[in-house]
Amino acid sequence: NYFWILLRLPNIYFKGYIRITQETNMATAWYKQVNPPQRKALFSAWLGYVFDGFDFMMIFYILHIIKADLGITDIQATLIGTVAFIARPIGGGFFGAMADKYGRKPMMMWAIFIYSVGTGLSGIATNLYMLAVCRFIVGLGMSGEYACASTYAVESWPKNLQSKASAFLVSGFSVGNIIAAQIIPQFAEVYGWRNSFFIGLLPVLLVLWIRKSAPESQEWIEDKYKDKSTFLSVFRKPHLSISMIVFLVCFCLFGANWPINGLLPSYLADNGVNTVVISTLMTIAGLGTLTGTIFFGFVGDKIGVKKAFVVGLITSFIFLCPLFFISVKNSSLIGLCLFGLMFTNLGIAGLVPKFIYDYFPTKLRGLGTGLIYNLGATGGMAAPVLATYISGYYGLGVSLFIVTVAFSALLILLVGFDIPGKIYKLSVAK
């Protein structure tokens, strides 16, 4: 069935864009179903994601400068870039559990504050270990922000529009990434990499606005007086099998998209591409992710989250296969492939909050999202390290291709054969 869908991809994409245009022009189709408090809820969570993307991604655009200044090796630089992933299960589990108990909004505010402080402290790091600790703090905050914001945003919107809410939310990360790509490399060259991190303190101002303007999740309010699950509930029946399969899907998803997202700037820099071109290419990649997340949000509401996942991943191979075999001098063709790859491969990531929402009840959703998703996010640490190791034998470009294809193929099999759905039905039946 999915190969048949692949043959119809041009028609599906064309009709998808037509539907988006029609639904945008005919606001009564969906937009007017969202009331002002629901829009404020999504907007506040989206802004948190924008700053999250900015704070988290900025280090990857100046990692080569930090590496030279602190005298660290390539493998150490890779670990610094991904050490935040080690903290993610801790931060996600803690903030998710607290969000289930005390509310989505207040814990989202604390998470934003934490990752902002971690980013600011990175600017005063004097060695590898201090920088690693700061990135660990960033990981605690950003994972907590994801746990709180994703449940907060999806719960706040009508059931039939939750894929769109999920996609709009995640698109904020791409916006932050684009801003970081445009500002940070040039800023770091002029004012130094340390001062770049001080910009990351700006999200603290967002906390004040959220406290004043954003409402709490109505779904959480309606459920808050019911019995709450304990921290270990996700590892007990009937949730254990569900938690494990959601973890595996998330691990493969991060393994499929994070190596390129995290190591591509270094790959381009190592091949002699100048800072301006790298910023332009990463901006193009960010725009691909941004438009892809929104596109697949609409597609997910039309054909279902699982089908949208598989269609996006299969299509991504069209752009992935030639990417690392193009001369770095041909920046136009690299940009085209990057846009298409991020549109598809990372575009489907916008559906993840909705995907997780369907597998955990309200009383366990913050913890399930925060802990299980962020345990899966360790794939974003393991895959770049694996790619860096393989690059010692085949070069970084080939290793990125191998790792991305392997994780994408596994993800297609898991979601394409609806393994999570089958396990969920068996667990519920018991």
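The largest cavity in this predicted model has a volume of about 370 Å³. To find its middle, select Val170, Phe173, Leu346, Ala349 and Tyr373; of the 25 residues that line the largest cavity, these are the closest to its centre.

Next, display the helices around the largest cavity. Helix H3 (36-70), helix H5 (84-102), helix H7 (128-156) and helix H8 (162-191) are among those that each supply at least two residues of its lining. Add helix H12 (239-270), helix H13 (275-303) and helix H15 (331-346), which also each supply at least two lining residues. Pause on H12, from which the largest share of this lining comes, namely 5 residues. If the lining of the largest cavity is then coloured by class, 16 residues appear as nonpolar, 7 as polar and 2 as charged.

Move now to the second largest cavity, whose volume is about 60 Å³. Select Phe60, Tyr61 and His64, then Pro185, then Pro265 and Ser266, and finally Thr275, Ile278 and Ser279; these residues line the second largest cavity. Keep H3, H12 and H13 in view, as each supplies at least two residues of the lining of this second cavity. Colouring the lining of the second largest cavity by class gives 5 nonpolar and 4 polar residues, with no charged residues.

To complete the tour, how many cavities of 30 Å³ or more does the model contain? The count comes to 5. H3, H12 and H13 are suitable helices to leave displayed at the end: each contributes at least two residues to the lining of the largest cavity and at least two to that of the second largest.

Definitions and conventions. Residues are numbered from 1 along each chain as its sequence is written. This is a predicted model: local features need pLDDT of at least 70, side-chain atom pairs count only at pLDDT 80 or more; totals for chains, interfaces and linings use all residues. Side-chain values use heavy atoms; hydrogens and water are left out. On a 1 Å grid over the protein atoms alone, a cavity is a set of points where a 1.4 Å probe fits but cannot get out, and a pocket is an open set with protein on both sides within 12 Å along at least five of seven lines; lining residues have an atom within 4 Å of a point. Grid points are joined across faces, edges and corners, and a volume is the space filled by probe spheres set on the points. Helices (H or I, at least four residues) and strands (E, at least two) are DSSP runs, numbered from the N terminus. Ala, Val, Leu, Ile, Met, Phe, Trp, Tyr, Cys and Pro count as nonpolar, Asp, Glu, Lys and Arg as charged, and the others, Gly among them, as polar.
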